[in-house]
Every structure is written in C-alpha cells, then in structure tokens.
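Here is a report on the interior of one protein model. It covers cavities, a pocket, nonpolar cores and aromatic pairs.

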Amino acid sequence: PLTDELAAAARAAWRAGAGRRLPELAAAGRDRAERAGELAFLLEPDLRDSRGGLREVHAMRAIAAAWLADPPSPPVLGAYAVLLDARGELHRRTGRPGDRLLLQEQDGVAAALGYDDADALLAAVSAAGRTISYAAAETWRRVAGWAAPARRAGRWRGGPPTPLRRPLAAGVVEQAGEVVLARDADPAGDPVLLLRAAAAAAGADRPLAPYALDRLARFAPPLPRPWPGPARDALIALLGAGPAAVPVLEALDQAGLLVRLLPEWAPVRFRPQRNAYHRYTVDRHLMETAAQSAALTRSVSRPDLLLLAAFLHDIGKAAPGDHSEAGARVAADVAAAVGLPPQDCAVVALAVRHHLLLAETATRRDLDDPATLAQVAAAVDRSAEVLDLLHALTEADARATGPSAWSEWKARLVAELVSRVRATLAGVTRPPPGPTDRQRALAGGALPVVDVDGGTVTVAARDRPGLLAAVAGALALHRLEVRAATAQDLDGVAVSAYDVLPRFGASPDIPRLVADVHRALAGSLPIAERLAERDRAHRPPVGGSPPPTVRFVPEASAAASVLEVRDHDRPGLLHRLAQALTDAGVDIRSARVNTLGAEVVDAFYLTDRAGGALTPAACAQVAGAVRAALAADGPPAPR
C-alpha cells in the first residue's frame, strides 16, 4: 500500500506538471540524439541514448503517464525487448555497463542471442530502432497537438474545435495536420487508394494518420501485376515529392505496406552497410536517393525513369555477386510489374546496372584517353538520354550516401566526363587538352618550379623517374590528400598537376610546402623517415582492414597499362605506391586517386621507358612488386 500510494502521488505530480516538464523531456531527447546519432543507421549504435533507443521508450511511457498519448504499442514493446536483450548480452560479455554495440562485440552478441551473424543482429537492431523512432515521432506529434494554443483554448470552451477537412485527392483529405481517408473512402474496393493517399501526403508534406494506415493495411487489396496506370502514376508522384516522400515511405514500411506493394523490397529492408562511407541502411539509402533525384528531374527527358531507377539502384545488394548486375535484373522485373513498357524497363535496368559507372570512371580513369570515352559511350547504349539519366542518378546517389561522397571536385570530374562522352556520341572528336599558358610559362622558367593555386599544386621539373613519388611524399607530410595527378611533357620538362585537399581541413603553410617540395625533388627531404614517424602515431581501425587488391584493368587504355590498387587509407600511401612503381622500372603517365571514406582506389596509367604499354610479363612483375611493397609497409598492429 505504501509503494502504491507513492507511485500514485508521483504520477499525479507528473501529470500536474506535464505542461512545464514535457518541453524539458523533449529537449533532453534532442540532446541525446544529437550526441549519439540515429540508432537505425549506426554501425556501432548506442542502444540506450541514440534516437530510436531505449530512452525513447521511457519517454513514451512518461507521456502516456501524463494521459497525453497511448502507452507504447506491442510492436514498440517488441522492439524494446530486442534492444534490451542486446544490451544485456553486451553487459554480460564485457562485464561493464556500456551501451555502445561495438563491432568487436557484435559477433559474440549475435551468437548468444541466436542470430545467424552480426549482420542479422544489426538488421534486427536497426528494425527495432526504426520502429521506436517512428512511434516516438508520432507520440511527440500528439504532444505538440495538445500543446498548441488553439487546442488549449478549446479546452476552456468545452473541448477542442472540430478540425477542418481539406480535400487532397479522391478519397483523401487533410485533417488536423494529418492525412486521413475521406468518410466515403472504400479501401477494399479501391486498390489505388493506398498509393494515392501516400502521394497526397508527400505532396502536402503531411504525415499519414495512424488510423488511416491501419485501415489501409487491413482492407487494401493487393495490386494486380502489372499495375494499372493510376497506381504507377501515384508511385512516381510519391517519389517525386523529394524529401517529404521519405517519412511517408517510412510510414508505409512500418505498416508492412511497402513490401506488400513491392515484394522485391523485402531482402534490402533494414540491411546494414558495413561501410563508414554510407550513413544509411540499404532501404533508407534507396528512399533518400529517390528524394535527392527529385531535385534533378528537370535535367532529364524521362523524370519517371530517373525516380524509379534511383529508388531501385541498390536493390541487388542482398543478392550474392555484383549488386549492380543482380540489381539490374530485379529492377527490370519491378519496372515491368509497375506497368512500364519493355523499352522503358530496359532503360531502368541499364541505369541500375551502370549506376556507379560515371563516378568510378571520372575519378579512376584518364578522361583524355579515347578508350575511356568509348567504353562509357558503349555502356550507355550510345544514348544521350541514358547518359543524362546516369548523370543525375550519380549525383543523387552520392548526395544520399554521405557528406564525403559528393564534392565540387567529383562534380566537376563527372560533368567533364559527361560532356566529353556527349561529344563522342555526336561524332565530335576532341583533341586532348594541351598545356595551359600558365603551365608553358612555368616550363620555360628556371627549374624546378612549384606553383600553388587554390587546390592545385603544379610542379615543373626535368623529366625523370620518381617525380610523382617525391612530390606525393612532400604533400603527404603537409597532410594534403592527392585526388588526381596528371603529367605532360614539354620538350623534356615534366609539368605535373596535383589536385589536393587538406586531410584535416586546415590549409597548409604555402611557403613551407613549396620549400619541402623543392627539397623532395633535390633528394634532401627525409620523406621515408618522416612518414615512418607519422605511421607510428597512426591508429588503424579496430579489427584491421581487408588485404589490399592490386590488378591491371584490361582494355582500359590503348596507350598505357592501367593498374588499380585498393587499400585502407593511411598517410603517405600514394608516395609509397609511386616509389614502388618507380623502383619497378615503369613510368607513371597519370594517376587518379579516389578516397571513399577510409578506403582508397588508386589508378595509375603506366608505360615502359619507351612510352608504350606494358607486356603481360611486365604487368605481372609490377603487380607483384606493388603487393610486396604494400605487405612490407602495412599499418602498425593495433596496440
């Protein structure tokens, strides 16, 4: 009786002070989420404090205790149990009260809880976080409606005023800031009502009311395959609403309706992406890419195909093998299912198959090489319309991936590639761009000379082996990442241009940088020793990284042999690779360096000393030398 009395008094006090304390509760939740991130999309989620974590359910219970919303639903309580089980097993394994599900603990926690592997555990945690986050947002929306001045005033007049109903589409109206079904709507007899309501909600930037979702989930019949035209139009309208489409798609997914509409969605649902380069799970990334592509529909001749390709471009990531190849097959099936004609299905499949083509080519291949342009032209089926669609899809995909995936540098390279391929498609042959007047002036002066202009470092020096290694080493010591390096020969003078970015955002001391490049060219800068000191302070990721890959790309160029190296990024990596190539007796005509989060993909255009492509035997020898250099110069073991 005493504890019952105490609990009742505490609840009464909480209800009496709810108007004052709920804003504090909301602020605490926002602060936690800002610090801990969104649980559903983290590779190492904080199970307690992240948005969608355990504390969100505690807040929902507090709101229910204030009689302002219903208690957490059974799905939310089930999600809560998933997180609580994972947190309990994490505590048991580590012997301490931590809440972050670190990578090194995920396999053990997964095994103890009966999951197939760590990915299955992370998918379950992501699904739980999405369920809790969605329900918490709905609960706080109820609180906001209660706290609105007009609603509070209505209580004193004998109850809240009757909200107005604004028609949005056939059978769909807006009421009290939510999208609901009209009184005469018939979900069971109107198969398109579901998509029409979703498109109307996204177009009005309003949430679908839970009761409307429940009615649609219980009564909406499955759509026939292929879909009728109005259903396809509603899907395109939904995707074309931009960022407002994402919460609506999330609501459909939480209600189980997205998989009902598109069964092909099920394999990528909540699928984690173990790559820091990606900030979302696969399914949410697809939603975000479609939202980003909506802003680019004016740049293509078929906006509907762009939106659908963006929504499906990674749909093959749950299948074994190349996700682009698998995704193209699934996308073709989905396009046919929603009622597109065969020629449009082929375009969607082609876009999904080559959605990485432009970004990879622009950042890893020499755009002055005719073979590069010919290969892209063939991949887009020699269609300028498909080229434009891929250009827009490339940008939308990158912007939805993460903050480091799209930059002015990458945008410029992709746009230059598209411009050159378009000229190739039109039968216009562009000669490779010659040296600029500034480069000619540098080559004609006293040598060597170092010129820094914004993000480009240009070096003119007598041509000799090892130039790239020397300059890359000096740039690495000043914490500059080389994104691309090209070289031109002007009567025995090598004019090399390096596109660089500060590794940590701070611009280097230009006079010191220039002086160190001169010292590197003269051989008086102890690059190896200085980089070794840097290595000792460099901490690799916990758990290490996969071994590097070294391979030659056949037919990538008719005039050179293209070597592609993938490895974990670390200071001075380009210098070490260039030095290994120099020691192997080959010339580096140009280099493309692409940093993807913590990974790099470097491409080198190599020739022999006579300027020709390498023989197969020489390619094997060079690849072996690079592998040996990387093995001998790997990152230090974890301490």
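## Spaces and cores

The lining of the largest cavity divides into 10 nonpolar, 3 polar and 7 charged residues. In this scheme Ala, Val, Leu, Ile, Met, Phe, Trp, Tyr, Cys and Pro count as nonpolar, Asp, Glu, Lys and Arg as charged, and the others, Gly among them, as polar. The model is predicted: local features need pLDDT of at least 70, side-chain atom pairs count only at pLDDT 80 or more, and totals for chains, interfaces and linings use all residues. Residues are numbered from 1 along each chain as its sequence is written, and side-chain values use heavy atoms, with hydrogens and water left out.

The largest cavity holds about 210 Å³ of space. A cavity is a set of points on a 1 Å grid over the protein atoms alone where a 1.4 Å probe fits but cannot get out; lining residues have an atom within 4 Å of a point. Points are joined across faces, edges and corners, and the volume is the space filled by probe spheres set on them. L480, E481, V482, R503 and L574 lie nearest the centre of the largest cavity, among 20 lining residues. At least two lining residues come from each of α22, β6, α25 (573-583), β10 and β11 (599-607). Helices (H or I, at least four residues) and strands (E, at least two) are DSSP runs, numbered from the N terminus.

In total there are 3 cavities of 30 Å³ or more. The second largest cavity has about 90 Å³ of space. Its 15 lining residues include A40, F41, L42, P272 and T281, the closest to its centre.

The second largest pocket has a volume of about 1,300 Å³. A pocket is an open set with protein on both sides within 12 Å along at least five of seven lines. Its lining has 49 residues, with A485, T486, A487, Q488 and V495 nearest the centre. Elements that each supply at least two of them include α20 (408-425), α21 (437-443), β4 (449-453) and β7 (493-502).

The three linings compare by class as follows.

| Lining | Nonpolar | Polar | Charged |
|---|---|---|---|
| Largest cavity | 10 residues | 3 residues | 7 residues |
| Second largest cavity | 10 residues | 4 residues | 1 residue |
| Second largest pocket | 19 residues | 13 residues | 17 residues |

Now the cores. The largest nonpolar core has 94 residues, and W227, L238, L252, W265 and F311 touch the most other members. Helix α8 (residues 193-204) gives the most to this core, with 9 residues. A core is a set of buried Ala, Val, Leu, Ile, Met, Phe, Trp, Tyr and Cys residues joined through side-chain atoms within 4.5 Å. Buried means under 20% relative accessible area, exposed over 50%, partly exposed in between (1.4 Å probe, protein chains only). A second, separate core of 48 residues includes A461, Y498, V500 and F604.

How many aromatic pairs does the structure hold? There are 2. Rings of Phe, Tyr and Trp (its six-membered ring) pair if their centres lie within 6.5 Å; planes under 30 degrees apart count as stacked, over 60 as edge-to-face and the rest as tilted. F41 and Y280 are edge-to-face, because their centres are 5.0 Å apart and their planes at 90°. The two residues are 239 apart in the chain. F41 is buried at 12% relative accessible area, and Y280 is buried at 17%. W265 and F311 are stacked, 4.8 Å centre to centre with 20° between the planes. W265 is buried at 1% relative accessibility, and F311 at 0%.
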